[in-house]
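Please look over the chain shown below and follow its helix packing and its core in the report that comes after.

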Amino acid sequence: MGTRVSYPAEVKVKAIEMRLAGVPVKEVLSQLNIRSYTQLKRWMRWYKNGEIRRFEQPVGKQYSYGKGPGFKDEISKLKAENRYLTQQIEV
């Protein structure tokens, strides 16, 4: 069994932006060093379903429905919310 790889939320968002811009899957995988096409498909599904909060989840940490990650302070919570709203405007 292979080791689990955790990708930062920025990589996940960048991969989705590239796919929405029409960049081929193989190119996205190679440029961002993503191991699996299935992983990219999962992120795309989360994005289309409006589950952006899931991008912040570390490997193996599945939060209960409707709950996101615990934020260390108000600033990091606001930054995450701002990033989410910016992505919604771009769509």
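## Core and helix packing

In this predicted model, Ile 34 touches Tyr 7, Val 11, Ala 15, Leu 29, Gln 39 and Trp 43, leaving aside residues up to four places away in sequence, where contact means heavy atoms within 4.5 Å. Because the model is predicted, local features need pLDDT of at least 70 and side-chain atom pairs count only at pLDDT 80 or more, while totals for chains, interfaces and linings use all residues. Residues are numbered from 1 along each chain as its sequence is written, and side-chain values use heavy atoms, with hydrogens and water left out.

Ile 34 also belongs to the largest nonpolar core, which has 19 residues, and is listed with Ala 15, Val 28, Leu 40, Trp 43 and Phe 55 as touching the most other members. Such a core is a set of buried Ala, Val, Leu, Ile, Met, Phe, Trp, Tyr and Cys residues joined through side-chain atoms within 4.5 Å, buried meaning under 20% relative accessible area with a 1.4 Å probe, protein chains only. The elements giving two or more residues to this core are tabulated here.

| Helix | Residues |
|---|---|
| H1 | 9–20 |
| H2 | 25–32 |
| H3 | 37–48 |

Helices are DSSP runs (H or I, at least four residues), and strands (E, at least two) are likewise DSSP runs, numbered from the N terminus; the protein chain has four helices and zero strands. Of its 91 residues, 27% count as buried.

In H1, Val 11, Lys 14, Ala 15, Met 18 and Arg 19 meet Val 25, Val 28, Gln 31 and Leu 32 of H2.

Note on methods. Buried < 20%, exposed > 50% of the residue type's maximum accessible area, 1.4 Å probe, protein only.
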